[in-house]
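Student: Got a minute to go through this one with me? I'd like to talk about rings and cores.
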Amino acid sequence: MAETKGEKRAKELNYEAEHASKIISDAELKKADKFCDGYIDFLNTARTEREIAKFMKEKAEAKGFTEFDKTKTYKAGDKIYRLNRGKAIMLAVIGKKPITEGVKLAIAHIDSPRLDLKPNPLYESDEIALLKTHYYGGIKKYQWVAIPLALHGVMIKADGTKVEINIGEDEGDPKFVISDLLPHLGREQEKRPLAEGIKGEELNVIIGSRPFKDDKASNLVKLNVLDILNKKYGVVEKDFLSAELEVVPAFKACDIGLDRSMIGAYGHDDRVCAYPAAEAVFDVVNPAYTVVTVLTDKEEIGSVGNTGLDSNYLKYFIMDLAECFGANGRDVMSKSECLSADVNAGYDPTFADVMEKQNSCFLNKGVVITKYTGARGKGGSSDASAEFMGKVRGFLDKAKVVWQIGELGKVDAGGGGTVALYVAGLDIDVVDLGVPVLSMHAPFELVAKTDVYMAYRAFLEFFKLK
Ligand code: MN
Ligand code: MN
């Protein structure tokens with residue numbers, strides 16, 4: 001049957017995002033799966049901002065990146081990095097064009113929602129030793145009980161030495177857990193609103209239950225925990241006061257689905273953008289523009305602090321880079337462009353009522369461009385210009401990168417934000433581009449492999465712009 005006039009016109013005029021498998025070849029699908037094998041390894045290796053910054057620094061050095069020194073001269077093709085306090089990293093390749101034509105930035109965050117230990121966390125109650133926590137970022141507290149947990153971070157001892165802690169990830173390591181109430185006795189708990197089903201002060205991590213062998217001292221279970229920590233790490237209780245210790249889920253990342261099309265893991269948000277953005281800066285060859293991947297900290301609590309993007313560290317890096325070439329940082333920033341690489345809420349058929357389907361992003365429909373985020377009428381958003389949207393759409397289509405648009409749910413359902421507004425604050429054109437996620441901010445989040453790969457391709461094509 002020949003195509004009707006209407007069918008022909010519909011093809012010419014209508015727009016609808018399609019499942020990636022309808023667009024890409026089997027060979028490319030294989031590439032996507034292979035890329036995701038690397039991503040899964042990364043997920044299981046580096047789980048906190050400090051570990052990711054360190055991992056990427058080491059990987060960068062192995063790939064010929066050297067620490068940026070603003071007193072040196074650099075030429076096209078040189079690869080540099082700057083680490084910010086061990087918790088954020090900037091990776092750059094110098095382009096062939098003058099720096100005054102601007103830089104191309106991909107910025108993802110490497111902090112994820114979790115439970116931080118309080119400054120004075122350890123206590124014993126009824127011969128169980130526990131750690132008090134203060135949750136970090138937007139979590140549904142009830143999801144964090146009765147699952148295996150690991151402890152990561154650093155402690156600074158009285159003499160200033162730093163001890164790195166990582167317990168619960170290696171085969172044979174013990175893990176930790178937060179208890180929940182048994183349903184048999186949960187009648188009152190079940191009447192609580194979901195947000196209070198587990199309260200903040202109930203997120204206490206069980207860390208031990210055997211006493212130190214002594215008849216006289218008190219709190220012997222706590223003492224035994226301190227004794228173990230002291231023997232292994234040389235720390236004493238006071239060292240918790242100068243520590244950053246993070247409790248994260250101890251699940252390993254794995255394939256999800258009989259077709260192995262998805263990945264389940266803790267902390268896809270935003271490692272699922274950080275990894276592709278880093279791989280893109282590692283893989284780009286002789287870029288025209290200077291390209292920079294920034295892996296930043298503290299996005300989940302508002303980009304605060306001097307490792308978050310609401311500080312000047314990125315601005316200073318660009319200014320220093322500009323000075324190296326005798327240029328003014330301000331001029332460089334005004335000409336720069338950025339993909340703010342962050343996740344968006346994938347359409348979940350089980351919770352369809354909070355989504356506006358026509359403007360939602362879907363698993364497997366490719367990388368998602370989010371023109372604006374925000375809440376209560378775009379508040380706290382950056383809102384990319386039509387011109388920049390047009391440019392991004394243009395180079396993605398040209399390179400056959402599968403992409404879609406997405407809003408974060410229904411207008412009045414809630415909202416969220418990214419680092420985009422801080423980048424826009426530097427007079428840089430910016431739009432959010434990332435991967436759709438289901439169960440975002442849960443201890444075990446879900447993404448589709450084709451979308452992860454398309455994120456990588458999007459960053460790489462952005463870095464290859466002439
Ligand atoms: Mn995020
Ligand atoms: Mn988030």
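Tutor: Sure. Let's start with a definition: a charge sits over a ring if NZ of Lys or CZ of Arg is within 6 Å of the ring centre and within 35 degrees of the ring normal. Keep in mind that this is a predicted model.

Student: OK, so which ring does the charged end of R114 sit over?
Tutor: That's the ring of Y136, with the charged end 3.6 Å from the ring's centre. K378 has its charged end over the ring of Y372, 3.9 Å from the centre.

Student: And how many aromatic pairs are there?
Tutor: The structure has 17. In one of them, F68 and F317 sit edge-to-face, 5.5 Å centre to centre with 80° between the planes.

Student: Why does that pair tie together parts far apart in sequence, 249 residues?
Tutor: Because F68 is in the loop between β1 (66-67) and β2 (79-84), while F317 belongs to helix α7 (residues 313-324).

Student: Is F68 buried or exposed?
Tutor: F68 is buried, at 8% relative accessible area. F317 is buried too, at 0%.

Student: Which residues do ring pairs link into a cluster?
Tutor: F35, Y39, F42, F55, Y275, Y453 and Y456.

Student: Switching to cores: which members of the largest nonpolar one touch the most others?
Tutor: It has 68 residues, and M56, L91, V392, L396, L433 and F459 touch the most other members. The top contributor is helix α11 (residues 449-463), with 10 residues.

Student: What is V392 in contact with, leaving aside neighbours within four places in sequence?
Tutor: L339, I369, V431 and L433. There's also a second, separate core of 33 residues, including L115, A150, V205 and L226.

Methods: Residues are numbered from 1 along each chain as its sequence is written. Chains are lettered from A and ligands numbered from 1 in the order in which they are written. This is a predicted model: local features need pLDDT of at least 70, side-chain atom pairs count only at pLDDT 80 or more; totals for chains, interfaces and linings use all residues. Side-chain values use heavy atoms; hydrogens and water are left out. Rings of Phe, Tyr and Trp (its six-membered ring) pair if their centres lie within 6.5 Å; planes under 30 degrees apart count as stacked, over 60 as edge-to-face and the rest as tilted. Helices (H or I, at least four residues) and strands (E, at least two) are DSSP runs, numbered from the N terminus. Buried means under 20% relative accessible area, exposed over 50%, partly exposed in between (1.4 Å probe, protein chains only). A nonpolar core is a set of buried Ala, Val, Leu, Ile, Met, Phe, Trp, Tyr and Cys residues joined through side-chain atoms within 4.5 Å. Contact means heavy atoms within 4.5 Å.
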